[in-house]
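Trainee: I am new to this structure and would be grateful for a close look at a single part of it. Please choose one place to start and connect it with what surrounds it.

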Amino acid sequence: MALEITDNSFDEVLNSDKPVLVDFWAAWCAPCRMLAPIIEEVADDFEGRALVGKVDVDNNQEVSSRYGIRSIPTVLIFKNGEVVDKIVGVVPKEQITEKLQAQL
């Protein structure tokens with residue numbers, strides 16, 4: 001299951017020794033709701049190998065602003081505290097898993 005990441009817990013992403021996939025979303029966003037089950041599947045598939053989390057942009061504006069999130073859903077992949085890849089919009093699960101797998 002994907003972690004709920006907040007402004008206060010974002011250091012967990014930056015300090016992780018594993019790659020981290022972060023889904024920036026909002027409850028009112030229809031494409032975000034379409035992507036949500038895919039993110040949960042990816043979280044299950046990569047359990048123990050990578051962290052997968054979600055940031056609600058409405059409730060966590062500091063992190064959203066820091067990473068320039070302008071449209072949602074946006075997925076950022078972090079490695080060693082740095083953004084190494086970005087996906088904007090709804091994409092097939094295969095595209096997300098390929099990008100995350102490349103960071104392992």
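**Lys54, the central sheet and the disulfide**

Mentor: Leaving aside residues up to four places away in sequence, Lys54 touches Ala2, Leu3, Glu4, Ile5, Asp23, Trp25, Ala36, Ile39 and Glu40; contact here means heavy atoms within 4.5 Å. The model is predicted, so local features need pLDDT of at least 70 and side-chain atom pairs count only at pLDDT 80 or more, while totals for chains, interfaces and linings use all residues. Residues are numbered from 1 along each chain as its sequence is written, and side-chain values use heavy atoms, with hydrogens and water left out.

Lys54 belongs to strand S3, which spans residues 51–56. Helices (H or I, at least four residues) and strands (E, at least two) are DSSP runs, numbered from the N terminus. Lys54 counts as buried because its relative accessibility is 8%; buried means under 20% relative accessible area, exposed over 50%, and partly exposed in between, with a 1.4 Å probe and protein chains only. Its side chain makes a polar contact of 2.9 Å with the side chain of Asp23. Such a contact is a pair of N or O atoms within 3.5 Å; within protein, one must be able to donate a hydrogen and the other to accept it, and residues adjacent in sequence count only if both atoms are side-chain atoms.

Asp23 leads to strand S2. In a regular strand the side chains alternate between the two faces of the sheet. In S2 both faces are covered: Val20, Val22 and Phe24 are buried on one side, and Leu21, Asp23 and Trp25 on the other. S2 runs parallel to S3, joined to it by six bridges, and Phe24 has Val55 as its bridge partner in S3. Strand S2 (residues 20–25) and strand S4 (residues 74–79) run antiparallel and are joined by five bridges, with Leu76 of S4 as the bridge partner of Val22.

The wider sheet is open and has five strands in the order S1-S3-S2-S4-S5, with mixed pairing; two strands pair if DSSP finds at least two bridges between them. Its edge strands are S1 (3–4) and S5 (82–88), each of which pairs on one side only. Helix H2 (residues 30–45) lies across S2, S3 and S4 and runs at about 155° to S3. Helix H4 (residues 93–101) lies across S2, S3, S4 and S5, at about 170° to S5. Axes are lines fitted to C-alpha atoms, for helices over the stretch in contact, and angles run from 0 to 180 degrees between N-to-C directions.

Helix H2 also contains Cys32, whereas Cys29 lies in the loop between S2 and H2. These cysteines form a disulfide with their sulfur atoms 2.4 Å apart, the term denoting a pair of cysteine sulfur atoms within 2.5 Å. A search of the whole structure finds one disulfide. The link of Cys29 and Cys32 is right-handed, with 80° about the S-S bond. Cys29 is buried because its relative accessible area is 4%, and Cys32 counts as buried because its relative accessibility is 2%. Beyond residues up to four places away in sequence, Cys29 touches Ile72 and Pro73, and Cys32 touches Trp25, Ala26, Ile72 and Pro73. Trp25 is also among the residues that Lys54 touches. The UniProt annotation "active site", from an unreviewed entry, covers Cys29 and Cys32; UniProt positions are given in the numbering used here, feature names are shortened, and annotations may be inferred rather than shown by experiment.
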